[in-house]
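Reader: I have a model open and would like to talk through its pockets, its metal site and its cysteines. Could you take me through them one at a time?

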Amino acid sequence: MVVNLEGVRGWFESYARGFDLTEPMLEMKYVHSRDVMRVGEALVRDLGWGAAEAETGVAACLLHDTGRFSQYRDFRTYQDGKSIDHGDRGYAVLAAELPRELADDGARAAILESVRLHNKRELPKGLGEGVLPFCRLVRDADKLDVFRLVQRCMREGREVELLPSHRLGLPLSETLLDEVERTGRGSYANAASMLDYLLIQMTWTLDLNYAPSRAILRRSGILDDIRGRFPRGDARVQRVLERLAGAADS
Ligand SMILES: [Fe+2]
C-alpha cells in the first residue's frame, strides 16, 4: 500500500479550485474536507498506524466529500435524497479523475471504497481488511468534525445555517425520542428541531469505531454542551442522553 499524499493534496486543491469557492456553501465543504483530514491525522497517530496506512487514511479523509462539489454545482443542494448519493458521486469522480500514479492498487481501493461508503447508514458486512479500517477511520473523522461544526454554529448564533429558523426552537419530537430509546438510532425523517438534530448527533457516540475517536470526543466537552441544551427536568430525556454519553466512555 503506497500513496503519494502530497500529490493527492495537490490534486484535491486543483479539483476543488475548479469550482466557485467564493460560494459559501462550496467553501464550507472545502474547509470541512481539510478539517476532516486534520482529525484523520490525529486519529492515525493515536491508533499507531504505520506510515503507508496512515497516509492512505489521511488521503481518504481529505477526499471523502469529493462528490459534494459537483453535487452542489449540479443540484444546488446537499440533500442526497433530493439529488444524488454524494458518496457514490465521490467514488465516480475519483475513479475517473484521480491520477493512477498517486496510489498503488491497494491504497486506491482503500481510498475509493471509504469515500463511497462514508455516508452510508451502516457499513456493509464482509468488507476486507484492506478496506475496512479506512472506512472506519473516515466515518469517525467525519463525525468528529461535524460535532465541532455544529458546536461552532451554535456558539456563533448561526443555527439558521443548519436549520430553517421556524423550526429551531420546536420541542424535542416524541416520535424521535421513542425511536432513539428503542433502537439507539434516530431517523432524520423524525427530526425537525435543533434538539431533534442534537439527539441524533448524540446517537453517533454508538457509531464511533475507534477508542481514540471516543477519547477525542470526550475530551472536547461537546457531549456535556449538548446535554446541557436539553430540558433538565425531563427524566426520560436525561436517561437517554446519559446512556448515549456513556457510550463514549470506553
Ligand atoms: Fe460526506
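Reader: What volume does the largest pocket have?
Author: This is a predicted model, and in it the largest pocket has a volume of about 2000 Å³.

Reader: Which residues lie nearest the centre of the largest pocket, and how many line it?
Author: The lining of the largest pocket is made up of 47 residues, and those nearest its centre are Lys29, Arg68, Val146, Tyr188 and Trp204. Two or more lining residues come from each of helix H2 (24-47), helix H4 (66-75), helix H7 (132-155) and helix H10 (194-203).

Reader: Which helix gives the largest share?
Author: That is H7, which contributes 8 residues to the lining of the largest pocket. In terms of domains, at least three lining residues are drawn from domain 1 (5-144) and at least three from domain 2 (164-249).

Reader: And how does that lining divide by class?
Author: For the largest pocket, the lining has 20 nonpolar, 10 polar and 17 charged residues.

Reader: What about the second largest pocket, how many residues line it and which lie nearest its centre?
Author: The second largest pocket has a volume of about 240 Å³ and is lined by 14 residues, with Glu122, Leu123, Arg136, Arg139 and Asn209 nearest its centre. By class, the lining of this second pocket has 4 nonpolar, 2 polar and 8 charged residues. As for domains, the lining of the second largest pocket takes at least three residues from each of domain 1 (5-144) and domain 2 (164-249).

Reader: Switching to the metal, which residues coordinate the iron ion?
Author: The iron ion is coordinated by Asp65 through OD, and by His86 and His118 through NE2, at 2.1 to 2.3 Å. Along the sequence, the spacing of these donor residues is D-x20-H-x31-H.

Reader: Where do His86 and His118 lie?
Author: His86 belongs to helix H5 (residues 86-97), while His118 is in the loop between helix H6 (105-117) and H7, so the pair ties together parts that are 32 residues apart in sequence.

Reader: Is His86 buried or exposed, and what about His118, buried or exposed?
Author: His86 is buried, its relative accessible area being 5%, and His118 is also counted as buried, at 6% relative accessibility.

Reader: Now the cysteines: how many disulfides are there in the whole structure?
Author: A search of the whole structure finds 0 disulfides.

Reader: Why does Cys61 not form a bond with the closest cysteine sulfur?
Author: The closest cysteine sulfur to that of Cys61 is in Cys135, and because it is 11 Å away, it is too far for a bond. Cys61 itself counts as buried, with 0% relative accessibility, and Cys153 is buried with a relative accessible area of 6%.

Reader: Back to the helices for a moment, where does Gln71 lie, and is Gln71 buried or exposed?
Author: Gln71 lies in helix H4 and counts as buried, at 0% relative accessibility. The C-alpha atom of Gln71 is separated by 8.7 Å from that of Asp85, a residue 14 residues apart from it along the chain.

Reader: One last residue, where is Ala189, and is Ala189 buried or exposed?
Author: Ala189 is placed in the loop between helix H9 (174-183) and H10, and it is exposed, with a relative accessible area of 75%. Ala189 and Leu176 are 13 residues apart along the chain, and their C-alpha atoms are separated by 8.9 Å.

Methods. Residues numbered from 1 in each chain as written. Predicted model: local features only at pLDDT ≥ 70, side-chain atom pairs only at ≥ 80, totals over all residues. Heavy atoms only, no water. 1 Å grid on protein atoms, 1.4 Å probe; cavity = no way out; pocket = protein on both sides within 12 Å on 5 of 7 lines; lining within 4 Å. Points joined across faces, edges and corners; volume = space filled by probe spheres on them. Helix = DSSP H or I, 4+ residues; strand = E, 2+ residues; numbered from the N terminus. Nonpolar A, V, L, I, M, F, W, Y, C, P; charged D, E, K, R; others polar. Domains from an automatic or database assignment. Donors = N, O, S within 2.8 Å, 3.2 Å for Na, K, Ca; no water. Buried < 20%, exposed > 50% of the residue type's maximum accessible area, 1.4 Å probe, protein only. Disulfide = S-S within 2.5 Å.
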